[in-house]
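Student: Hi! I'm new to this one and would like to look through it with you. Could you show it to me?

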Amino acid sequence: MRVPKADRTTIVHRAVRVSVASCAGFYPFVYAVDRPAVALYALFAPVALGMLSPIPGSGRVRAGVILRALPVGLVLVALGTVLAVETWAAVAGMLVVGFLLAFAAVGGPLPAGAAPGLQLFYILACFPPYAPGALGERLAGLTLGVLLLAACEVLLLPAPATVSYRELLADAVALAGRAAATADSPSERQQAADETPAVQPPVADDRPVAQPPVADDRPVAHPPVADDTSAERLREFGGRLRLSRLPTAERPAGAGRRDRALAQASGAARRLLVQLARLRDAPASVDAASAAMLDRVAALCATAATALRGGQPMPAYGMMGLGAAIDEFQAVRTAQTTNPSEAAPPLQVLRRQAAVLAIAESARILETSVRIGLDGRRTPGVQPQELFWYAGLTSARLWWRRIAGNTTLRSVQFQNALRIALGLGAARLVAGSLDLTHGFWVLLAVLTLGRTTATETWSAVRSALIGTLVGATAAGALLLAVGHHTDAYAVVLAPAMLAAFALGPMLGVAWAQALFTLVVSAAFAQIAHVSWQLAEVRLIDVVTGSGIGLLCGLLAWPAGARREVHRNMAALLRASGPLIPATVRVLLPAGPEPQPTTLPALHRLRLAEAAYLQFESEPGQRPADATDWHAVLITANDILLGVQLLPRFDPPPAAGRPDDVAWARAGADRLELATDRIAALCAGEGPPPSEGPPTGLSLGPRHGRPLPLLMDLEHWLRVLAAELAHIEKSVTARVD
């Protein structure tokens with residue numbers, strides 16, 4: 001496989017750090033102190049957390065995760081040492097430890113990255129000999145190895161810092177601000193002011209106007225182009241905020257308030273850029289109130305971008321926050337359409353105002369989420385509470401919500417944890433029952449070769465078996481040739497380790513297994529007297545572990561996230577679709593209507609997002625599925641936002657005109673039917689129905705002077721109709 005030059009450099013630097021840390025702990029305790037148990041754990045601790053654990057981030061970030069993992073590792077080694085007394089006890093411990101550590105992925109990429117290495121700490125200790133008296137030496141060796149690795153991560157060829165998520169988000173927000181500030185040309189604004197003297201824009205306040213951010217010497221991911229705010233660029237920059245395109249360490253995927261708020265800010269910024277792109281694509285119109293509102297959005301974006309770059313809380317609201325400005329904007333719109341003495345604005349202007357209101361709402365969500373994300377303190381009662389429900393909860397409650405929400409067979413995180421736990425438990429049972437020498441290699445094979453799909457697991461196993469056979473042959477030859485001359489193994493170990501950790505990731509699984517077989521043979525030959533049969537044992541153990549891992553991959557969710565992304569996206573559409581007509585009934589009631597609950601849809605959205613992220617990370621999926629799953633997530637978000645925001649900014653009237661009510665309800669019903677139809681297609685439930693996707697939903701001129709409520713409904717329904725039509729087209733183009 002071809003590895004980019006930058007990635008090759010990263011791999012080599014990591015190999016140097018892990019090799020130096022391992023050898024620095026191993027050699028002194030073998031040759032100077034003669035403590036083989038300390039040496040063994042000092043050797044494998046850096047390998048576990050440095051190579052087997054894909055901990056993302058810079059050197060300092062990785063060192064911090066490694067040090068925080070040390071107490072957990074000490075507990076796991078102690079637990080494994082105690083449970084090694086009986087096979088059944090070790091197996092039970094493996095099932096529990098394996099599941100809990102794998103399920104830690106719900107906490108984000110950093111705990112997920114450290115989990116495989118922590119698994120190895122328990123695996124090493126839970127095998128015979130049962131030696132509780134050696135626990136002190138094991139813990140000492142583990143501590144030494146972890147500390148050496150943390151020091152190397154910071155001091156020896158440290159991984160450079162990646163561009164922070166806040167910097168990337170700040171660039172996107174600043175671009176949105178410039179796009180809002182330049183949505184109308186100066187001549188159009190002057191014409192709007194001349195033609196609409198009776199309509200006063202919202203009162204200006206003392207907040208700074210939108211200006212391009214001052215250049216500094218900090219690295220940025222994508223330096224903004226000052227005069228490039230085209231619709232194409234806005235959409236393209238919004239795509240960069242997708243979590244699947246962010247560096248793993250920078251994804252705001254944790255359960256705390258900061259990560260939840262910054263993830264919500266990402267969605268708001270992405271939606272804001274798309275809305276501004278739509279505004280640029282729409283026909284030009286003259287509207288002083290909209291221009292003033294866009295100026296407010298631009299000023300807010302400039303302030304938010306500055307706060308994100310500085311990492312400091314946003315300043316307090318000025319004379320009039322964006323929420324109050326939206327209320328003023330709505331009052332202006334109502335006056336335009338209800339005052340008989342004023343000429344009614346053209347329908348094109350009314351539609352532009354509806355689009356500007358949606359932009360302002362996205363900017364207000366962005367503002368609030370950035371405030372919560374940069375502050376991080378509990379802030380009860382943030383409005384609307386349905387969107388910012390997490391702002392007033394304790395960290396313990398937030399973590400419980402995350403864990404409970406993923407404790408379902410429809411969660412890919414739960415599936416992966418269960419698959420790993422069963423595989424490791426079965427491997428420990430087989431190794432203990434058959435009394436396999438060096439049986440921990442069986443579990444190591446299960447841990448390192450298992451993938452989320454059966455196809456990828458078989459590919460990894462096939463390559464691993466070839467590599468292990470070659471490595472075992474070379475190791476057997478080395479053991480036969482050298483015999484018990486440990487000084488020769490000492491010379492071989494360091495370069496073999498460096499080669500294994502550098503060439504293995506670049507050349508593939510076969511090379512990694514071959515070279516690692518040579519490494520473990522050279523290491524164990526220095527700790528105890530071994531023969532060429534050690535290489536044979538290594539081969540048998542890897543074959544056994546590979547067979548167990550492959551069997552688990554075939555029996556437990558062999559398709560990985562592919563089936564779950566279909567199921568969860570279908571369930572998300574079915575949970576979101578009924579919210580559309582329910583919202584219309586709230587806004588245009590024929591009688592008392594309760595506000596629709598969004599909790600089921602929000603729960604489905606979280607499961608669908610997790611499945612989508614794993615699906616994007618699994619190779620070999622794209623040619624088999626052309627469905628735009630990301631568009632499904634965006635559409636569900638737009639539905640949920642409409643449910644929460646339309647009643648807030650468009651208070652329901654006492655009654656609507658019969659033709660208005662009929663139009664709105666008919667359009668909403670069509671969209672609900674479309675979501676059901678697309679959900680059936682996503683779930684593979686029969687052939688597509690004959691009815692086509694929804695087309696544009698428009699009030700048309702027959703309504704004369706429609707109220708802002710109707711224009712906002714029309715805008716929401718038209719956007720959803722376009723998005724659903726795009727999704728249905730991508731679903732029907734899927735290659736089964």
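Student: Let's start with Arg419: is it buried or exposed?

Tutor: Arg419 counts as buried, because its relative accessibility is 9% and the cut-off for buried is under 20%. Keep in mind as we go that this is a predicted model.

Student: Okay. Where does Arg419 lie, and which residues does it touch?

Tutor: Arg419 lies in helix H15. Leaving out residues up to four places away in sequence, Arg419 touches Arg451, Thr452, Cys552, Ala556 and Trp557.

Student: What does the side chain of Arg419 reach at 3.2 Å?

Tutor: The backbone oxygen of Ala556.

Student: Staying with helix H15, where's Leu422? Buried or exposed?

Tutor: Leu422 is placed in helix H15, which covers residues 412-433. Leu422 is in between, partly exposed, because its relative accessible area is 45%.

Student: And which residues make the nonpolar surface patch?

Tutor: Leu422 is one of them, together with Leu95, Val96 and Leu100, and the patch has an area of about 350 Å². Helix H4, residues 87-103, gives the largest share of that patch, 3 residues.

Student: While we're on helix H4, what about Ala90? Buried or exposed?

Tutor: Ala90, which is also in helix H4, counts as buried because its relative accessibility is 0%. Setting aside neighbours within four places in sequence, Ala90 is in contact with Leu83, Tyr122, Cys126 and Arg428.

Student: How many residues apart in sequence are Ala90 and Leu429?

Tutor: They are 339 residues apart in sequence, while their C-alpha atoms are 8.3 Å apart in space.

Student: What about Pro384? Where is it, and is it buried or exposed?

Tutor: Pro384 sits in the loop between helix H13 (347-375) and helix H14 (395-406). Pro384 is buried, because its relative accessible area is 4%.

Student: Which residues is Pro384 in contact with?

Tutor: Arg364 and Leu645, leaving aside neighbours within four places in sequence. Pro384 and Leu645 are 261 residues apart along the chain, yet 8.0 Å apart from C-alpha to C-alpha.

Student: Change of topic: the inside. Which residues touch the most other members in the largest nonpolar core?

Tutor: Phe121, Ile123 and Phe501 do, in a core of 83 residues. The largest share of this core, 10 residues, comes from helix H2, residues 36-52. Apart from it lies another core of 64 residues, including Ala231, Leu273, Ile326 and Leu398.

Student: Why would nonpolar side chains be buried together?

Tutor: I can only give you the general pattern: in soluble globular proteins, nonpolar side chains tend to be buried together.

Student: Back to Phe501, then. What is it in contact with?

Tutor: Beyond neighbours within four places in sequence, Phe501 is in contact with Ile11, Ala15, Val18, Ser19, Val47, Met51 and Phe516.

Student: Now charges. How many salt bridges are there in the whole structure?

Tutor: A search finds 16. One of the pairs is Arg35 and Glu137, whose side chains meet with an N to O distance of 3.2 Å. Arg35 is in the loop between helix H1 (5-32) and H2, and Glu137 is in helix H6 (residues 135-155), so this salt bridge ties together parts 102 residues apart in sequence.

Student: Are those two buried or exposed?

Tutor: In between again. Arg35 is partly exposed at 38% relative accessible area, and Glu137 is partly exposed at 29%.

Student: What does Glu167 form a salt bridge with?

Tutor: Arg309, with the closest N and O atoms 3.8 Å apart. That pair links helix H7 (residues 165-181), where Glu167 lies, to helix H11 (residues 288-310), which holds Arg309, with the two positions 142 residues apart. Both Glu167 and Arg309 are buried.

Student: And what about Arg333 and Asp712?

Tutor: Their side chains meet in a salt bridge at 3.0 Å, N to O. Arg333 is in helix H12 (residues 322-338) and Asp712 in helix H26 (residues 708-732), so to speak distant parts of the chain, 379 residues apart. Arg333 is buried at 1% relative accessible area, and Asp712 counts as buried at 4%.

Student: Last one: which residues are joined into one network by salt bridges that share partners?

Tutor: Arg17, Arg62 and Glu153.

Methods. Residues are numbered from 1 along each chain as its sequence is written. This is a predicted model: local features need pLDDT of at least 70, side-chain atom pairs count only at pLDDT 80 or more; totals for chains, interfaces and linings use all residues. Side-chain values use heavy atoms; hydrogens and water are left out. Patches are made of residues with over 30% relative accessible area and no salt bridge: like charges are joined within 9 Å, nonpolar side chains (Val, Leu, Ile, Met, Phe, Trp, Tyr) within 5 Å. Accessible areas come from the Shrake-Rupley method with a 1.4 Å probe; for residues, only the protein chains shown count as cover. A salt bridge is a side-chain nitrogen of Lys or Arg within 4 Å of a carboxyl oxygen of Asp or Glu. Helices (H or I, at least four residues) and strands (E, at least two) are DSSP runs, numbered from the N terminus. Buried means under 20% relative accessible area, exposed over 50%, partly exposed in between (1.4 Å probe, protein chains only). A nonpolar core is a set of buried Ala, Val, Leu, Ile, Met, Phe, Trp, Tyr and Cys residues joined through side-chain atoms within 4.5 Å. Contact means heavy atoms within 4.5 Å. A polar contact is a pair of N or O atoms within 3.5 Å; within protein, one must be able to donate a hydrogen and the other to accept it, and residues adjacent in sequence count only if both atoms are side-chain atoms.
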